[in-house]
Amino acid sequence: MNIAIVGASGAVGQEFLRVLDEQNFPVDNLTLFGSLRSAGRRYTFRGKEYEVKELRHNDDFRGIDIAFTSAGASVSKEFAETITRHGTVMIDNSSAFRMDPDVPLVVPEVNAADALVRPKGIIGNPNCTTILMVVALKPIHDLSPIRSVHVATYQAASGAGARGIEELRLQSRQIVAGEEPTVQKFQAQLAFNLIPQIDVFTDNNYTKEEMKMYNETRKIMHASDLMVSATCVRVPVERAHSEAIWVRTEKPLEIADVRKAMEAAPGLVVVDDPAAGKYPMPLYAAGTDPVYVGRLRKDLADPCGLTFWAVDDQIKKGAALNAVQIAQYLISQGFGKK
């Protein structure tokens, strides 16, 4: 396969390189693209050095089979036609096209076949918080249709990019030293604190991040009547997101049946022995591939409800790995065969 990465110098772009290698993805030719600022940087992939090219409106994508794009929504919108003009499939990690009815929004464990119908040559990679949640919801939904979901997210500093991690580390050092913490990237001090705002607020007082979970979950799960209510919180964790999830199903489910379904589900790892102190935590999920679930129990407030805790590495499964898995699915269905 001839592969391109757009936004190669960013956190997700660098993760693409690692994940492609880890997954033994078939790469015959690799082209890296970036902004004028990052053009000329060099990165090594499988023992060979590659130089980042400036992303321009030209024919650089001719002959490229798949382009993984992670350079922001404005860049994706501007360059989508340039990238797809010659038949390249664009797997986009931004929010630019996620709710476009002609762009499938795909999490392979949930709705892989949607990737086969892509009128614009674009496949959307969902928001990291949505990916984490729907992988865990799928086996439950298969047992009994889910009617509503309430979720509180605990999102790591790395969700705001490398600058987010840098600011959390800087603030921690400053506070320990008795200095005034520097606040630039986040709305408030993140170190030793929680910030109940991710992205800007919309007219209904939910943030854009929270509304992404509402809209994207319904699209991915083909459930236009599914109700989702989210509160998204930034926490002083470097990497890996966590979520507390409450689900209401059409009929009551036994926890033993849900646990069995989750244990058999692709991409899920059940870590659920609270008496022994075993449950998912971001410290141990960072750098790994699966979605981890635990603290599985009945909802005491709803006879048709259950609740659980879920964690994943939002840069891997929540971004780069999910996109690569989409590409792997396309190949498994014959994409690229001459």
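# Chat about loops, cysteines and helix crossings

Glycine 159 is found in the loop that links strand S8 (146-155) to helix H5 (162-176).

User: Hi! Before we start on that glycine, what kind of model is this?

Analyst: Hello! This is a predicted model.

User: Thanks. Is glycine 159 buried or exposed, or something in between?

Analyst: Glycine 159 is partly exposed, with a relative accessible area of 41%.

User: What does glycine 159 touch, leaving aside its neighbours in sequence?

Analyst: Not counting neighbours within four places in sequence, glycine 159 is in contact with Arg234, His241 and Gln314.

User: And how far is glycine 159 from isoleucine 140?

Analyst: Their C-alpha atoms are separated by 27 Å, and glycine 159 and isoleucine 140 are 19 residues apart along the chain.

User: Nice. Isoleucine 140 is in H4, right where I wanted to go next. Which residues of H4 and H7 meet?

Analyst: On the H4 side there are Ala136, Pro139, Ile140 and Leu143, and they meet Asp257, Val258, Ala261 and Met262 of H7.

User: What's the geometry of H4 and H7?

Analyst: The axes of helix H4 (residues 128-143) and helix H7 (residues 255-264) come within 9 Å and cross at roughly 125°. That angle makes H4 oblique to H7. The crossing of these two, H4 and H7, is right-handed.

User: How do H4 and H9 cross?

Analyst: The axes of H4 and H9 come within 8 Å, with a crossing angle of roughly 85°. H4 and H9 are therefore roughly perpendicular to each other. In H4, Cys128, Ile131 and Val135 meet Lys317, Gly318 and Asn322 of H9.

User: H9 also packs with H1, I think. What are the numbers for H1 and H9?

Analyst: For helix H1 (residues 11-22) and helix H9 (residues 316-332), the axes come within 9 Å and cross at roughly 55°. This makes H1 oblique to H9, and H1 passes H9 in a right-handed crossing.

User: Which residues of H1 and H9 meet?

Analyst: Val12, Glu15, Phe16, Val19, Leu20 and Glu22 in H1 meet a set in H9 made up of Lys316, Ala319, Ala320, Leu321, Ala323 and Val324.

User: Change of topic: you mentioned Cys128. How many disulfides are there?

Analyst: The count comes to 0 disulfides.

User: Why does cysteine 232 have no bond to cysteine 128?

Analyst: Because their sulfurs are too far apart for a bond: the closest cysteine sulfur to that of cysteine 232 is in cysteine 128, and it is 8.9 Å away. A disulfide needs the sulfur atoms within 2.5 Å.

User: Is cysteine 232 buried or exposed? And what about cysteine 304?

Analyst: Cysteine 232 counts as buried, at 0% relative accessibility. Cysteine 304 counts as buried too, at 11%.

User: What reaches the backbone nitrogen of cysteine 304?

Analyst: The side chain of aspartate 302 does, at 2.9 Å. Aspartate 302 is found in the loop between strand S12 (291-298) and strand S13 (305-312).

User: Which other side chain does aspartate 302 contact?

Analyst: A polar contact of 2.9 Å joins its side chain to that of arginine 248. Aspartate 302 is buried, with a relative accessible area of 16%.

User: Where is aspartate 272, and what does its side chain pair with?

Analyst: Aspartate 272 lies in the loop between strand S11 (268-270) and helix H8 (282-285). Its side chain and that of arginine 259 are joined by a polar contact of 2.6 Å. The aspartate 272 side chain also reaches the backbone nitrogen of arginine 295 at 2.9 Å. Beyond four places in sequence, the contacts of aspartate 272 include Lys278, Gly294 and Leu296.

User: Last one, backbone angles. Which residues other than glycine have a positive phi?

Analyst: Among them are asparagine 205, with phi near 75°, and alanine 240, with phi near 100°. Most residues other than glycine have a negative phi.

User: Where do asparagine 205 and alanine 240 lie, and is each buried or exposed?

Analyst: Asparagine 205 lies in the loop between H5 and helix H6 (208-220), and counts as exposed at 62% relative accessibility. Alanine 240 is in the loop between strand S9 (227-234) and strand S10 (241-249), and is buried, with a relative accessible area of 1%.

Key:
Residues are numbered from 1 along each chain as its sequence is written. This is a predicted model: local features need pLDDT of at least 70, side-chain atom pairs count only at pLDDT 80 or more; totals for chains, interfaces and linings use all residues. Side-chain values use heavy atoms; hydrogens and water are left out. Helices (H or I, at least four residues) and strands (E, at least two) are DSSP runs, numbered from the N terminus. Buried means under 20% relative accessible area, exposed over 50%, partly exposed in between (1.4 Å probe, protein chains only). A polar contact is a pair of N or O atoms within 3.5 Å; within protein, one must be able to donate a hydrogen and the other to accept it, and residues adjacent in sequence count only if both atoms are side-chain atoms. Axes are lines fitted to C-alpha atoms, for helices over the stretch in contact, and angles run from 0 to 180 degrees between N-to-C directions. Angles under 35 degrees count as roughly parallel, over 145 as roughly antiparallel, 65 to 115 as roughly perpendicular and the rest as oblique. A crossing is left-handed if the near helix is turned anticlockwise from the far one by less than a right angle, and right-handed if clockwise. Contact means heavy atoms within 4.5 Å.
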